[in-house]
Amino acid sequence: CIVKIFQTIGESTRSMNLTKNAKFESVRKSIEHYLSTDWFMWVCFLIACFITVLRVEAIGLLIFAAIICTILVFCEDVIIALEPFLLLCLCLIKCNNSYDEFIKMVWLIVPAAAAIIFHFNYYQRKLPHGELFWPMLAVSVAVTLGGLGKITAKEYFSLMPIFFTLGLGFGMLLFYNLMNSHIRLRENYSLPDKISKIMIIMGLFCCFMILEYYGEHLDKVLSTHGLLAFQWRNNASTFLIFALPFAFLRSIKGNHGWFWVGMLFYGCMMITGSRGGAIVGTAEVMMCMIALLCLDKRHRVHNIIIISVGIVMFFVFFWDLIYFFRDMLLRLLQIDDNEIRVRLMHRAVEDFLSNPVFGRGLGYFGNRDVHHSAKGALCWYHSSPFQVIGSFGIVGIAAYGYIFVARIVYFARRNTLTNKFIFIAYIGMQLMSLVNPGLFSPVPYLLMMTLLFVIMDKIKDDPEEIRLTGKAEKNLRRSKKKSVSAQTEKTA
């Protein structure tokens, strides 16, 4: 139904005199050419840095909203809008308990919606069902039916539950279909390289935010010889989990110096003080190191030396590191039954037993006695398995189990070099979601992951990816064997 509405609006849009005229197309292509350059990405990076230093996140929202709307109007390539969108999301992670401030800017929905509708109609393409359509449809149904039989109409149809129900369900399914139709390989740039650059710039800006905060409170760091505590540490770590594998990927494809950018991401993840970030970041770095040793023959000796020296340095400065990270380690070791996350896990089981088939739904706020979520946020269980059983019941378990297996199969069929590192990011996000909302936050985390899986499909046919993965040689050998076999049979 939604697709038909878009198509109807598209037909009327194309009939207007303002569209599809040569003058507009000429201007549009010139603008798109500039906005698709690396220069523009670094300009956005600098804008984001100024916003962070000057503490003007509300103004930053207006600036980046204007940039994104301009891109959607003038650029056929939707990937160009990804970097400013991610930088905007990063700028806003510091704004905790700012619901009352930002709700005043709700009027931005109007120009944003207008730009989105214009884009997907003016640059309209067919909406094919991707391979993940059916698993995502199953999840959409489970999310929509969550709480059936228990949740009240008032709880279900409240503003935030409706937003998250659509964001995790049919809204994300529509986004997947739109991206699946609009993202494709381009002649003017390499899609694998483009997405790597976007993720790395996002990671560099996240590091800038963390280091800028440490620089501002340097006196406290020097006096305590320990970590700084700040509210947005889990969100910062989550963004770096996305970015980290792409830096190591570029160290294989190009200059080995990108290896140190990956280590910068890991170091900044550690100094956030996020327990989840420390554990998952370490696991993700280990996966990347294994991938480098297996895949990067060109730099294998350098990598072995660096890793060996790193291990030695770790043991040399072991007690200094323990002292610096003491607060995070104590919080990690002191987890007991009174820990909020542990109590929420127990509550998730109780909620599941109260309505086993459909759970309690996303609009259920009965757990605020355990964890009083911020205004404008849901009452999360802070762990993906418990979120599924508590909110969606048996139907949710089946749907999320289905999509988890489907994604693994999806990757196995598209096992190129870049896709290996995208999958590492996916594993990292799944691990992070065990202790945080993670992929149950539709914007930006689930949206980013959905987009990466679309890109995973598009780049499987990229000539450079095929060459780097060695599939061209394998296919050639396989075809030679088949021809020899066929010739033998013919002779016989």
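Let me start with helix α3, where what covers the buried residues includes α2 (22–35), α4, α5 (82–92) and α12 (191–216). Those buried residues of α3 are Phe 40, Met 41, Cys 44, Phe 45, Ala 48, Cys 49, Ile 51 and Thr 52. The helix itself has 17 residues and spans 25 Å from its first C-alpha to its last, which is close to the 24 Å expected at 1.5 Å a residue. I should say at once that this is a predicted model, and that everything I describe has been computed from it.

As for the chain as a whole, it has 25 helices and 0 strands, and of its 492 residues, 50% are buried. If we take the contacts in the chain with a separation of 6 or more, 81% of them are accounted for by residues 24 or more positions apart.

Staying for a moment at the end of α3, we come to Arg 55, which lies in the loop between α3 (38–54) and α4 (57–74) and takes a positive phi of about 60° although it is not a glycine. That deserves a remark, since most residues other than glycine have a negative phi, and most peptide bonds are trans. Is Arg 55 buried or exposed? The answer falls in between, because its relative accessible area is 35%, and so it counts as partly exposed.

His 225 is another residue to look at in this respect, with a positive phi of about 50° although it is not a glycine. His 225 sits in the loop between α13 (218–224) and α14 (233–253), and because its relative accessibility is 47%, it counts as partly exposed.

On the peptide bonds, the one from Val 443 to Pro 444 is cis, with omega near 10°, and Pro 444 lies in helix α23.

That helix brings me to α8, because α23 (442–458) is one of the elements against which the buried residues of α8 pack, the others being α10 (159–168), α11 (170–182) and α21 (384–412). Helix α8 covers residues 133–145, and its 13 residues reach 18 Å from the first C-alpha to the last, close to the 18 Å expected at 1.5 Å a residue. Its buried residues are Phe 133, Pro 135, Met 136, Val 139, Ser 140, Ala 142 and Val 143. After α8 comes Gly 147, whose phi is positive, near 90°.

Let me turn now to the open and enclosed spaces, beginning with the second largest pocket, which holds about 1,100 Å³ of space. Its lining has 27 residues, and those that lie nearest its centre are Tyr 266, Thr 282, Gly 310, Phe 314 and Leu 321. Which helices supply at least two residues each to this lining? They are α15 (258–271), α16 (275–295), α17 (300–316), α18 (318–324) and α19 (326–333), and α17 gives the most, with 7 residues. By class, the lining of this pocket divides into 24 nonpolar and 3 polar residues, with no charged ones.

One of the residues nearest the centre of that pocket, Tyr 266, also takes part in a contact with Gly 281, which touches Tyr 266, Met 269 and Gly 276 once residues up to four places away in sequence are left aside. Gly 281 is found in helix α16, and it counts as buried because its relative accessibility is 0%. Gly 281 and Tyr 266 are 15 residues apart in sequence, and in space they are 6.3 Å apart, C-alpha to C-alpha.

As for enclosed spaces, the count comes to 3 cavities of 30 Å³ or more. The second largest cavity has a volume of about 50 Å³, and it is lined by Gly 361, Leu 362, Tyr 364, Leu 378, Cys 379, Trp 380, Tyr 381, Gln 387 and Ser 391. This lining comprises 6 nonpolar and 3 polar residues, and again no charged residue appears in it.

Cys 379, which is among those lining residues, leads to my final topic, the cysteines. At 6% relative accessibility, Cys 379 counts as buried, and Cys 69 is likewise buried, with a relative accessible area of 16%. How many disulfides does a search of the whole structure find? The search finds 0.

Note on methods. Residues are numbered from 1 along each chain as its sequence is written. This is a predicted model: local features need pLDDT of at least 70, side-chain atom pairs count only at pLDDT 80 or more; totals for chains, interfaces and linings use all residues. Side-chain values use heavy atoms; hydrogens and water are left out. A disulfide is a pair of cysteine sulfur atoms within 2.5 Å. Buried means under 20% relative accessible area, exposed over 50%, partly exposed in between (1.4 Å probe, protein chains only). Helices (H or I, at least four residues) and strands (E, at least two) are DSSP runs, numbered from the N terminus. The expected span of a helix is 1.5 Å times one less than its number of residues. Contact means heavy atoms within 4.5 Å. On a 1 Å grid over the protein atoms alone, a cavity is a set of points where a 1.4 Å probe fits but cannot get out, and a pocket is an open set with protein on both sides within 12 Å along at least five of seven lines; lining residues have an atom within 4 Å of a point. Grid points are joined across faces, edges and corners, and a volume is the space filled by probe spheres set on the points. Ala, Val, Leu, Ile, Met, Phe, Trp, Tyr, Cys and Pro count as nonpolar, Asp, Glu, Lys and Arg as charged, and the others, Gly among them, as polar.
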